[in-house]
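Visitor: I am new to this structure and should like to learn how to read it. May we go through it feature by feature?

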Amino acid sequence: MKYLRAPLFILSLLCVCTITGQGSEAELDRSVVDNTIIESTEGSEHHKTLLAAVRAADLEETLESDGPFTVFAPSDFAFRKLSKEKIAALLLPENKKELKAVLSYHIVAGNLTASKILKALCRGEGTASFTTIQGDEIRASMDGIDIVLTDRNGNSARITTADANQCNGVIHVIDSVIMP
């Protein structure tokens, strides 16, 4: 096992460089680390649905606070994988509790950069679990060079853009909505 550590470390560094270097349609401005998570989400052209959902669930104040938080942020493309009816239903005031649970499942207390996730994956021999502010765990694993998050129902999301650092945490854009 000790002979695998150096190659795993090199692979981890390669993955971080590849993930953080990937562009995507959901690019967030990485240069504005003075912004809060909410301010960066407001400025993103690819997170309109997420922003509307955060506001409907009254999570805006949480994501403007000091944190730090790690947000696995589904892009508008990720939300389109859900039916329009499901999204509309979640945004209804009577479903605020369910919406808050779904969104809180995408947030982890602390500042989990891609390199910290990869270190946890190395320590966990390929898997790592993180407790969300919703209270449930999400599991991280690798698929090729991608970090993949899996919910307890087996649904998965890939990190497409990593490490958009903010003054109160970090945002990783994901390609699907995961469910508690």
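Guide: Certainly. Please note that this is a predicted model. Let us begin with one strand, S5: Asp146, Val148 and Thr150 point one way from the strand, Ile147 and Leu149 point the other way, and all of these residues are buried.

Visitor: What follows for strand S5 from its buried residues?

Guide: A residue counts as buried when its relative accessible area is under 20%. Five of the five residues of S5 (residues 146–150) are buried, so the strand is largely enclosed by the rest of the structure.

Visitor: How do strands come together in a sheet?

Guide: Strands of a sheet pair through backbone hydrogen bonds, and they do so either parallel or antiparallel. In this model, seven strands form an open sheet with mixed pairing. Their order is S2-S1-S7-S6-S5-S4-S3.

Visitor: Which strands stand at the edges of this sheet?

Guide: The edges are taken by S2 (107–109) and S3 (127–131). Each has a single partner strand, so one side of each is left without a neighbour in the sheet. Neighbouring strands of this sheet are turned against each other by 30 degrees on average, direction ignored.

Visitor: How is the edge strand S3 joined to S4?

Guide: S3 and S4 (residues 137–143) run antiparallel and are joined by five bridges. Thr127 has Ser141 of S4 as its bridge partner, and Ser129 is likewise matched with Arg139 in S4. The two strands form a hairpin with five residues between them; in its turn, Gly135 has a positive phi of about 110 degrees.

Visitor: In which sense does S4 pair with S5?

Guide: S4 and S5 pair in the antiparallel sense, over five bridges. Ser141, already named as the partner of Thr127, stands opposite Val148 in S5. This hairpin has two residues between the strands, and Gly144 takes a positive phi near 65 degrees.

Visitor: What stands opposite Val148 in S6?

Guide: Arg158 of S6 stands opposite Val148. S5 pairs with S6 (residues 156–166) over three bridges, in the antiparallel sense. They too form a hairpin, with five residues between the strands, and Gly154 in the turn has a positive phi of about 90 degrees.

Visitor: Let us turn to helices. At what angle do H3 and H7 pack?

Guide: H3 (residues 48–56) and H7 (residues 96–104) pack at an angle of about 125 degrees, with their axes 9 Å apart. Angles from 65 to 115 degrees count as roughly perpendicular and those over 145 as roughly antiparallel; H3 and H7 are therefore oblique to each other. Their crossing is left-handed.

Visitor: Which residues make the contact?

Guide: H3 contributes Leu50, Ala53, Val54 and Ala56, while H7 contributes Lys96, Leu99 and Leu103. Six of the contact residues are nonpolar, none is polar and one is charged.

Definitions and conventions
Residues numbered from 1 in each chain as written. Predicted model: local features only at pLDDT ≥ 70, side-chain atom pairs only at ≥ 80, totals over all residues. Heavy atoms only, no water. Pairing = 2+ DSSP bridges. Helix = DSSP H or I, 4+ residues; strand = E, 2+ residues; numbered from the N terminus. Axes fitted to C-alpha atoms, helices over the stretch in contact; angles between N-to-C directions. Buried < 20%, exposed > 50% of the residue type's maximum accessible area, 1.4 Å probe, protein only. Parallel < 35°, antiparallel > 145°, perpendicular 65-115°, else oblique. Left-handed = near helix turned anticlockwise from the far one by under 90°. Contact = heavy atoms within 4.5 Å. Nonpolar A, V, L, I, M, F, W, Y, C, P; charged D, E, K, R; others polar.
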